[in-house]
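Work through the exercises below with the sequence and the model side by side, trying each task before reading its solution.

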Amino acid sequence: MPNDLSPVATDGARSAETQWDLWEVFTQEGAGAPHEHAGSVHATTAEHAMQNARDVYARRGKVVSLWVVPTGAIVASAPSDAGPLFDPGNDKAYRHPQFYKTPRGARGL
Amino acid sequence: MSRESENGGNDGWVAGARPATATSGVAQNPFFEYLLRLADDRLVLGHRLSEWCGHAPILEEDIALANIALDLIGQASMLLKLAGEVEGKGRNEDALAYFRDAIEFRNAQLVELPNGDFAVTIVRQFLFDAWDVLVLERLTAASNQALAGIAAKALKEATYHLRHTAEWVRMLGDGTAESRARAQRALDDLWPYTAELFLGDAIDAEALASGSGVDVESLRSRWRQTVDQVLEDATLTVPKDGFAPRGGRVGRHTEHLGRMLADMQSLARAHPGAAW
């Protein structure tokens, strides 16, 4: 297991002294649906980030819930880890659930 | 914004003649007049905010201001449509928005003032929003079902507007020395114009008596609670009451409204009936 899962450098969230912190925005479009990454906003505080996220990403759609997360708190995998982390799954068909029949009427799978 | 020019702009009505209400026939139809007051606050403030589109200090706030502008213009559209029906002379919302002149507008003077810097725009919006939420809360119980429905929709929007502008007042006031100075100057300049929001007259009394109005004078103490709390959080000083211009409700406006309307109405007047 590669051991470089350090938080994304917070320097990346501040491009200049005058630039507000970056926040990642996740929107949920219905009860039970997953929160999905929608994009990012700049903001000074959590409340400010919530408002900007609402105005930029939730004004037109059917969003029912918002998460905002400081970009610096996101832990990301490195591109060089793509092989070890994700490749092995491809040739292990038994790990995939495609042999099950999806019940009619089941949604959101 | 120059305070001197604002004051100068108001000298006209103090010594001035009666407003020319006869042209719009409002005296014969107080509920029509009342709806125009509600609608014009929103139409004029919405248009002022729309002037920020593409100019706000940051992309997120540009979108936020445009959202609020669209909310207000949408409310104005519904209220003017209802006003046109109440008037019964075949005027729709477009006719009322684009083919009335400044003396026929019934908005409070606060909302027609120029945008100034960002602090002026935010403080003006905050002072209005804190009042607007209280007005709309009461109008949701209006005996006129159409008005009650519009108020219920608008109240949700206004509640968010207040949350947004209150947060900005806190950030500006409790921010840098420059943002604090600009916010305090905006507050000092705009404060006198808030008095008009709480002045009721015979039109308001008639709407109230019919079950579709608001006792605006009674809103003042709750408005001050909201405003005082936010200003305290923002480390800003509540200005003293004193000079209190008024007259917008009967068509007496600052010189700024006419210029704004010239811009707002030019397209509709150059191309009547244009659709896009």
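**Exercise 1. Decide whether Ala43(A) is buried or exposed, and describe its surroundings.**

Solution. Begin by counting neighbours: Ala43(A) has 22 other C-beta atoms within 10 Å, and because a residue counts as buried at 20 or more, Ala43(A) is buried. Next, place the residue in the chain, where it belongs to strand S2 of chain A. Then list what Ala43(A) touches, leaving aside residues up to four places away in sequence: Trp20(A), Asp21(A), Trp23(A), His48(A), Ala49(A) and Asn52(A). Finally, take a distance across the fold: the C-alpha atoms of Ala43(A) and Leu22(A) are separated by 6.5 Å, although the two residues are 21 residues apart along the chain. All of these values come from a predicted model.

**Exercise 2. Find where the confidence of chain A is highest and where it is lowest among its elements.**

Solution. Start with the chain as a whole, for which the average pLDDT is 80, with 79% of the residues scoring at least 70. Turning to the elements, strand S3 (residues 65-70) of chain A has the highest mean, 97, while helix H2 (residues 82-86) of chain A has the lowest, 79. Then look at the beginning of the chain, where pLDDT stays under 50 over residues 1-15 of chain A, a stretch for which the model has 18 contacts beyond four places in sequence. As a caution for reading such places, predicted coordinates should not be read in detail where pLDDT is low.

**Exercise 3. Work out the order of the elements in chain A and how its strands pair.**

Solution. First count the elements: chain A has 2 helices and 3 strands. Read from the N terminus, they follow the order β-β-α-β-α. Now consider the pairings, beginning with S1(A) and S2(A), which are antiparallel and share 7 bridges; here Thr27(A) stands opposite Glu36(A) in S2(A). S1(A) is also antiparallel to S3(A), with 6 bridges joining them, and Phe26(A) stands opposite Trp67(A) in S3(A). As for the reach of the contacts in chain A, among those with a separation of 6 or more, 52% link residues 24 or more positions apart.

**Exercise 4. Check the length of helix H1 (residues 46-57) of chain A, and establish what encloses the helix.**

Solution. Take the length first: at 1.5 Å a residue, the 12 residues of H1(A) should span 16 Å, and the end C-alpha atoms are indeed 16 Å apart, so the two values agree. Next consider burial, which applies to 9 of the 12 residues, so that H1(A) is largely enclosed by the rest of the structure; among the buried residues are His48(A), Met50(A), Arg54(A) and Tyr57(A). For comparison with the whole chain, buried residues make up 19% of the 109 residues in chain A. Last, identify the partners: the buried residues of H1(A) pack against S1, S2 and S3 of chain A, and also against helices H3 and H6 of chain B.

**Exercise 5. Describe the side of chain B that touches chain A.**

Solution. Count the residues on each side: 8 residues of chain B are in contact with 10 residues of chain A. On the chain B side, H3 and H6 each supply at least two residues, and H3(B) gives the most, with 4 residues. Sorted by class, this side of chain B has 4 nonpolar, 2 polar and 2 charged residues. H3(B) itself has 29 residues and reaches 41 Å between its first and last C-alpha atoms, close to the expected 42 Å.

**Exercise 6. Which residues touch the most other members of the largest nonpolar core?**

Solution. This core has 75 residues, and within it Val123(B) and Val169(B) touch the most other members. Helix H5 (residues 118-139) of chain B provides the largest share, 15 residues. A second, separate core of 11 residues includes Val25(A), Ala38(A), Val41(A) and Ala43(A), the last being the buried residue of the opening exercise.

**Exercise 7. Examine the phi angle and the exposure of Thr235(B).**

Solution. Note first that most residues other than glycine have a negative phi. Thr235(B), which is not a glycine, has a positive phi of about 60°. The residue lies in the loop between helices H9 and H10 of chain B, and with 13 C-beta neighbours inside 10 Å it counts as partly exposed.

Conventions
Residues numbered from 1 in each chain as written. Chains lettered and ligands numbered in written order. Predicted model: local features only at pLDDT ≥ 70, side-chain atom pairs only at ≥ 80, totals over all residues. pLDDT = per-residue confidence, 0-100. Contact = placed C-beta atoms within 7 Å. Expected span 1.5 Å × (residues − 1). Nonpolar A, V, L, I, M, F, W, Y, C, P; charged D, E, K, R; others polar. Core = buried A, V, L, I, M, F, W, Y, C linked by C-beta atoms within 7 Å. Pairing = 2+ DSSP bridges.
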